[in-house]
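Visitor: I am new to this structure, and I would be glad of a close look at a single part of it. Please take me through that part slowly and connect each piece to the next.

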Amino acid sequence: MAPRKLRFRFLAAGTLVSGIAVMAAVFAVQSHHERVETPPAAYADESGVWYCPMHTHVTSDHEGSCPVCGMKLVKRSEPAPSAHMDENMDDVFVTPQMQERLGLVMESVEQSDFSPAVDVAAEVVADESRAVTLSPKVEGWIERLGVSVVGQAVRAGQVLYEIYSPELQEREKGYIDLLTRRDSLLEAKSGTGGMSVGNSQPDLMLASVARERYRARTRLLAADVPASVVDDLERFRRVHDVIPVLAAHDGVVTAIGAREGAFVRPGEIVVSYADRHAAWAEIILTPDVLGRLRSGDELELHSTLNREASVKARLDPALAVMDATSRTARLRVPLAAGTTRFLPGTILEGRIRMQSRRVLTIPVDSVLRTGQGDFVIVSESENHFRQAQVHLGMESGDRVEVIDGLSPGQAVVTNGQFMLSAESSLQSSWRRFAAAERSTSRSP
């Protein structure tokens, strides 16, 4: 029985301690509610001459401390401004002494010359007029590739790939047969073949064979058979099993669509290459930036590896092409003739320097950027400050363009605005709380 009694005593003691803790918590919450959430009646008297410098809505008719921050109330020598009485105004009253302690710095909003600069990326584009895409004109198999990777340099006359095609072999055989017939007719015309020289039949047949030979040669050349291979057919009368395809001019490989041993058909891309000389620099712009560009704005491009390799050009926004998928604009800038420092496909860094215009600007550091928009702290008369939303434009250095929300002559806080913004939010919440308390007390 002793252990059971002992457990009972411990259980009773624990219950008593828990009850005391609950009563203490309730008392503490009630005391806090009476001390903070329900201001004294004297503080609700807005006609009082004592007020809190940090919470101007807290007033009293006698000395005391602010129930919000504990600061000593200050006596007012004249009636409070009307802004203190308006609960809907989100302004903050800060005494000159407190402004000095907070280190507030203000700057006047004025119109000034503004030359914004925008950083962009650009890609070097080759001259499409000298770009070549090689596709087989007949079915066949790729025996060997003369290039291995995209970006590889090629020279005029270099073998890009070799193709084995039974169809091309038949064309070669047909061309050799025409050459044989021509030789027989020439012998007949000369009399060595048993025909008389005056007979007109060999002349007519020679003309027909000549036309057929021209068409057959053209078909071979159109199938990317090199002229040197056709000349070998005429000289040695021997069929080439594998036909090489050569580069027409110097360039850089831009695409490889097949590998060795692959079966290819007409229309399938095997190799593409472009001229080594760059012709364009293509930049991508957002609609907002494109709308602010003017004809004649300067673009400076330079390589990411060598900043000395740079080029300058003038922009013409009317030449931009919108991409409906990405909702961006692509603007091509012609590069100077002979620009060989940038190879096609190179990514460049660029900066657009817009022409100077006169607009309202403020320091970038004065802007409070939030999820609800951009705000600044505006200095009003008699040491009052309020938070104002602004619509900003482009930035240039430490300045930003103001499109809407401010007027010339106003002053914005450039240092200490974060503390004022926090105080404004705190006072706004307290005013709503005080208004709710007053409406509750007046209700029957």
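**A loop residue and the sheet beyond**

Guide: Arg237 counts as partly exposed, because its relative accessibility is 29%, and a residue is called buried only under 20% and exposed only over 50%. Please keep in mind that this is a predicted model. Arg237 is found in the loop between α6 and β12, and its phi is near 55°, a positive value in a residue other than glycine. Most residues other than glycine have a negative phi, which is the reason to pause at such a value. Asp224, found in the loop between α5 (201–222) and α6 (227–236), also is a residue other than glycine with a positive phi, in this case near 65°.

From the loop that holds Arg237 we can turn to strand β12, which belongs to an open sheet of four strands, arranged in the order β12-β11-β9-β14 with antiparallel pairing. The edges of this sheet are formed by β12 (242–246) and β14 (263–264), each of which pairs on one side only. Strands of a sheet pair through backbone hydrogen bonds. Within the sheet, β9 (residues 140–145) and β11 (residues 159–164) run antiparallel and are joined by four bridges, and Leu145 stands opposite Tyr161 in β11. Helix α4 (residues 166–190) packs on the sheet, where it touches β9, β11 and β12, and the direction of α4 makes about 85° with that of β11.

Key
Residues numbered from 1 in each chain as written. Predicted model: local features only at pLDDT ≥ 70, side-chain atom pairs only at ≥ 80, totals over all residues. Heavy atoms only, no water. Pairing = 2+ DSSP bridges. Helix = DSSP H or I, 4+ residues; strand = E, 2+ residues; numbered from the N terminus. Contact = heavy atoms within 4.5 Å. Axes fitted to C-alpha atoms, helices over the stretch in contact; angles between N-to-C directions. Buried < 20%, exposed > 50% of the residue type's maximum accessible area, 1.4 Å probe, protein only.
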